[in-house]
Amino acid sequence: MNMRLDDLLKKLDGEEPVSLGSKTTQFSEEDAELLAYLDMLRTRPECRVLLDTLKGATKEEVEANVRFIEALRREEK
């Protein structure tokens, strides 16, 4: 059975079991979070660009970028 991601996310928001063919699956909170990230990558091109930019980055580079974004957010407030 094919299911659109939007429909799956709606079901996950309600924490109802999701039927996938002959099986019924209850997704964990972690699964729901991962699906939400996938949806964000699908609907927000700027997030995809950010993720593409971070491919191959070191842990330190990722942490520096997170601190930079957090500083920008603080400045906006």
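In the predicted model, D39 is placed in helix α2, which spans residues 29-43. The relative accessibility of D39 is 17%, and because buried residues are those under 20%, D39 counts as buried. The side chain of D39 is engaged in a polar contact with the side chain of R42, at a distance of 2.5 Å.

Helix α2 also takes part in the largest pocket, since its lining receives at least two residues from each of α2, α3 (45-54) and α4. The space within this pocket amounts to about 210 Å³, and the residues that line it are Y37, M40, L41, C47, L50, L51, L54, V62, N65, V66 and I69.

Two of these lining residues, L50 and I69, recur at the surface, where L50, F68, I69 and L72 together make a nonpolar patch of about 340 Å². The greatest contribution to this nonpolar patch comes from helix α4, comprising residues 59-76, which provides three residues. Helix α4 is thus represented both in the nonpolar patch and, with at least two residues, in the lining of the largest pocket.

Among the patch residues, F68 is located in helix α4. With a relative accessibility of 52%, F68 counts as exposed, because the class of exposed residues begins over 50%. D39 of helix α2 and F68 of helix α4 therefore fall into separate classes, with D39 counted as buried and F68 as exposed.

How values were computed. Residues are numbered from 1 along each chain as its sequence is written. This is a predicted model: local features need pLDDT of at least 70, side-chain atom pairs count only at pLDDT 80 or more; totals for chains, interfaces and linings use all residues. Side-chain values use heavy atoms; hydrogens and water are left out. Helices (H or I, at least four residues) and strands (E, at least two) are DSSP runs, numbered from the N terminus. Buried means under 20% relative accessible area, exposed over 50%, partly exposed in between (1.4 Å probe, protein chains only). A polar contact is a pair of N or O atoms within 3.5 Å; within protein, one must be able to donate a hydrogen and the other to accept it, and residues adjacent in sequence count only if both atoms are side-chain atoms. Patches are made of residues with over 30% relative accessible area and no salt bridge: like charges are joined within 9 Å, nonpolar side chains (Val, Leu, Ile, Met, Phe, Trp, Tyr) within 5 Å. Accessible areas come from the Shrake-Rupley method with a 1.4 Å probe; for residues, only the protein chains shown count as cover. A salt bridge is a side-chain nitrogen of Lys or Arg within 4 Å of a carboxyl oxygen of Asp or Glu. On a 1 Å grid over the protein atoms alone, a cavity is a set of points where a 1.4 Å probe fits but cannot get out, and a pocket is an open set with protein on both sides within 12 Å along at least five of seven lines; lining residues have an atom within 4 Å of a point. Grid points are joined across faces, edges and corners, and a volume is the space filled by probe spheres set on the points.
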